[in-house]
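Me: Before I rely on the descriptive words used for this model, I would like to see how each of them is earned. Could you take me through the reasoning term by term?

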Amino acid sequence: MSAQPSTSSRRSRLRLIVIQALVFSLLATLGARLYYLQVVTGEEYRGKAASQSVRDIVVQPERGLIVDAEGRPLVTNRLTWVASLDRTLLGRMAPHQRHRLLGRVGRVLHLEPREIARKLVLCGTEGAKDGVCWNGSPYQPVPIAQGFKDATALRINEQPEDFPGVVVQQQSVRAYPSPYGINAAHLLGYLSPITKDELDAAEDGGDTSVNGASVVGRAGVEKEYDAWLRGQPGYQRVKVNANGEVIGEDSDLKAQPGDTLVTSIDARVQGIVERGLHQSIMTARATVDPVTGRHFAADSGAAIVMEAKTGRIIAMASEPTYDPDVWTGGITQKQLKRLYSEAAGTPLLSRALQGEFAPGSTWKPFMTAGALTHGFSPDTILNCSSSVRIGNRDFHNHESAGYGPISFAKALEVSCNTFFFQVGMHFWLKYGSDPSDVKAKDPLVAEAEKFGFGSPTGIDLPGEASGRVADRKWRLAYWKSMKSYYCGLADKPQDSKTSDFVYKFAREFCLEGYMYREYDAANFAIGQGDTVVTPLQLARAYAALSNGGTLWEPRVGKAIVSPDGEVIHRIEPEKQGRVHLPASVLHYIDEALKGVSREGTMYWKLIGFPLDRVQIRAKTGSAEVYGKQSTGWVASYNEDYVVVQMISQAGTGSGSNGDAIRKIWEALYGVDGETVHPNRSVIDGVTPPDHLPVFGRDGSILPPAREED
Amino acid sequence: MATTPVTRTSTRSRRTSGAGWLAWRDLDLVLLGAVVLLGMLGCVLVWSATIHRDDLTGGDPKAFLAKQVVNLGIGLGLMLAVAATDHRWVRILAPVAYVCAIAGLVLVLVMGSTVNGSRSWLMLGGLSLQPSELAKLAVVVGMALVVAERSEGRWRDRVGTADVLLMLTVAAVPAALILAQPDLGTMLVLSATVFGVIAASGAHRRWLVILAGGGVGVAAFAVVSGFLEKYQIDRFLAFTDPGRDPKGAGYNVEQARIAVGNGGLFGQGLFDGSQTNSGFVPEQHTDFVFTVAGEELGLVGAGFLILLLGIVIWRALRIAARTDDVFGRIAAAGIACWFGFQAFQNIGMCVGIMPVTGVPLPFVSYGGSSMFAGMLAVGLLQNIHLRTLTAPASRMQPAQRVLVRG
């Protein structure tokens, strides 16, 4: 030990060097780690920093207006309060804090905390409830309530410390000013929140116009022109502190309002049409059906006013209807159930283009066209007997009336069924007396298809039904699809649930349902049987009679106008096809239908109407439907307009619809009693304006100049 | 044995009686400069961290800046006072400081306030003191004193078993009191410092092995025996995986990393750090002050801060290496270990490589106690430095003070 006098001292000095090395290596470690954090992985942390210190508040764009041809607003927007919750901040809270906050928010907004919690769950994660869960970005505040009072909004906004992470903002929602008391629910459509799939699809397609809180058009023009009306959402980025309180603006991408849709609808006409249809239904319901002895059910109906030369829709109504405002700000389950409920008559269904009904006698003009171009002539005279025997059954005229030998014109005028039975049977016998021959020629079927029946009209409204021309091909296909059902029914012994008729029908159908028999052809010729049309198809076909054979794709939209009043896009009517008929045939039918108004089945509803000045051509119809009261139709037109109205289960066409049809014509031409005052027409200049309303630079709309009465 | 130190002290006091005033140029100016820079940087960072925190400042954005400037001023005063104090007085006052620190630690346990789960704060009027900060210095000085007093009476320079045990005893009393608070962070720093002091004292290698082994053993025992609850272990290990304690330490870890990572190479600019302004990092003006530097000054600024700390430690170790005085050497080395480990612990926590424990960053974090303790230590370093300069000359010419180096 004495040999090493200063062991500790020396050791100590050596150790100082070691300590120095150690300490500096520790500091070097810190430096390296710092480099790694800030430079190597800095980008990742900058992303995280941005995402938590910046809150993207989506500013929903103001949806475009929908106006009528005169610029009257049909759909506008109003402001409503929306409260949203910041999920990120909520996630950072301790469970009891979170619970307290939800409780407090719930008390103020009258919501159950559980309800709020359910809305905050991201769709696609565990416990997410469809339709309630949040399908937007997890970094955006989740809307939890809207439409509450100003006082509530004020309370939350003035006490941010009590409501950390609660964002209360105004948002615009749809409003329905209802000019002239119109409803037009089916025409306008409605909005509902975007679904996760739609959002994903939009994101995949690079579409930035929607976000998780977007509402999109679901029906009517709201759906058809959604892309125009939608606008572009804005993003307001605000800086938030750790408590989620907004501490400053970061950037602001203004929302772009949607474009205005100008429709060809005329609110005044629409109002008259709606009231007329409603009144007709109410009258029918108060009337006793002489056939069944019950009051008419008049469960549904539709009315259309179309511009004959262009196919533009001037008015379109459907009953039963609903208040489009029920969709605003979220529909309740109960309300939604009612819209789909059959007991309430499925108000969501637009009868005008989605309802399919047997056309009845309104079908006859097209059969006439087919007959006159295939061997029959205006000189043809057939016996309009009170009944015709087809196979082993007698087929009767309406009320078994007989008119003796008559021409096509007279047959249309009096709506003689037995006349057209013979026409139908003639072609059946001529071309395809074999009931199972699918390929047999049928000029009447071909004519119906030429007039656009059996396929969609191509109107700019979604969900259109195509109707059905019940020809041989359809019959076979239908039989194939239903065979097993009816054969199953027929194979079993008849039980109490199946009536004699159904049992007999099932047996017959099972064996020979594919056959297109003589009476099928006869029925086809009078618009009965399995052929169904939409009121829109019928209106368009009559428009073709009016305009010389052009089959227009009906249009509701007329133009797209930007928010600053610039016309972006004119929606021109498109020709879907053309019915090639000799002018003489068209003229013949036209004259015959004038006769219907003057002395035919429509006459009793047009007594005193100045038909010499407003030459209404009309055709009435009442289609028999098995198990139901008959469907009443009136189709009418002149050189300007087509007016069609139908009511299901309301009796005869003229009886149920005649008064309403007359009122519409009176309004369109300013008819007062027996005189015509064109300046009193509801549409200035009588015919629909070709020009658009005048749009100011600020988006204000001036109606087209007119002398208002 | 007991009389020897007294004789020695009396001789020394005669020799150095002339050095009553402070020679500015004799101070270790590099050390002083680094410390002052660190302190000023700290003031700015504390200011930036609290500028938008109305909940803390009560509406005056400069409240914390003002207090920290005062802290820095008092600290510098204390430092200069210690530096200027005669060496023998330092050795006389050292045990007093040690006793004061112990008394403070006892008082804390009796009447202290609990902050963040530790009973570490003494509220005296409007002033809050953290005796454990002072205790670190007291332990270093106490241990150095024990070795010095025992070695200077002997002809052979050897740190034996008795010395080590005495040193451990000196450390054990405050350590036990700190553990009782409980203040794990200070305990860790203290352990590392004690280890460093014993190593620097020149004790035999086996002591280091025993101490290291003992430390690992105690840690393992604490975990295995269930002395530490699972949540405490999770909290401790949250830096490896913030998910272990997502609402507590894990949140701190994650937010600290985000703030530092957000800084990038050159930072967001002073007062412009988005995370700092928004108050995402908890305790950002105290324990997590480094994240302010990280976010607002970037790698460059934060690296500079580490560099300054490195300079302080370098100077401390240099002073330790240059002095002939046993007390000075061990004390300076101990202070270097203390600063070094505490800085590593604190910054390591901010960058996510050390557990989240409440230790301040020396000279930078907001708080008086930490600043005063650090400045006292620097004062002691300067004192040792001055003695190194004057000692050889005073030995040759006892009555006269001669400047050897400028």
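**How the terms are earned**

Reply: Chain B holds 15 helices and three strands. Please keep in mind that this is a predicted model.

Me: How many residues of chain B are buried, as a percentage, and what makes a residue count as buried?

Reply: Of the 406 residues in chain B, 54% are buried; a residue earns that word when 20 or more other C-beta atoms lie within 10 Å of its own. Among the contacts of chain B between residues at least 6 apart in sequence, 72% join residues that are at least 24 apart.

Me: Why are H2(B) and H4(B) called roughly antiparallel?

Reply: Helix H2 (residues 29-50) of chain B packs against helix H4 (residues 63-84) of chain B at an angle of about 160 degrees, and their axes are 8 Å apart. Angles over 145 degrees count as roughly antiparallel, and therefore H2(B) and H4(B) are given that description. The crossing in which H2(B) passes H4(B) is right-handed. On the side of H2(B), the residues that make the contact include Gly39(B), Gly42(B) and Trp47(B), while H4(B) contributes, among others, Phe64(B), Leu65(B) and Gly75(B).

Me: What makes up the contact of H2(B) with H4(B), in nonpolar, polar and charged residues?

Reply: The residues of this contact divide into seven nonpolar, five polar and no charged, with Gly counted among the polar ones.

Me: How do you know which are the edge strands of the sheet in chain A?

Reply: In chain A, five strands form an open sheet in the order S12-S11-S23-S22-S21, with antiparallel pairing. Strand S12 (313-319) and strand S21 (617-623) of chain A each pair on one side only, and these are the edge strands. On average, neighbouring strands of this sheet are turned by 5 degrees against each other, direction ignored.

Me: What makes strands S22 and S23 of chain A a pair?

Reply: Two strands pair if at least two bridges are found between them, and six bridges join strand S22 (residues 631-637) of chain A to strand S23 (residues 641-648) of chain A, so the requirement is met. Ala635(A), for example, has Val644(A) in S23(A) as its bridge partner.

Me: Which element of chain B gives the largest share of the side that touches chain A?

Reply: The contact takes 45 residues from chain B and 39 residues from chain A. The largest share of the chain B side, 12 residues, comes from H13(B). By class, that side has 22 nonpolar, 17 polar and six charged residues.

Technical notes
Residues are numbered from 1 along each chain as its sequence is written. Chains are lettered from A and ligands numbered from 1 in the order in which they are written. This is a predicted model: local features need pLDDT of at least 70, side-chain atom pairs count only at pLDDT 80 or more; totals for chains, interfaces and linings use all residues. Helices (H or I, at least four residues) and strands (E, at least two) are DSSP runs, numbered from the N terminus. A residue is buried if 20 or more other C-beta atoms lie within 10 Å of its own, exposed if 12 or fewer, and partly exposed in between; C-beta atoms are placed from the backbone. Two residues are in contact if their C-beta atoms, placed from the backbone, lie within 7 Å. Axes are lines fitted to C-alpha atoms, for helices over the stretch in contact, and angles run from 0 to 180 degrees between N-to-C directions. Angles under 35 degrees count as roughly parallel, over 145 as roughly antiparallel, 65 to 115 as roughly perpendicular and the rest as oblique. A crossing is left-handed if the near helix is turned anticlockwise from the far one by less than a right angle, and right-handed if clockwise.
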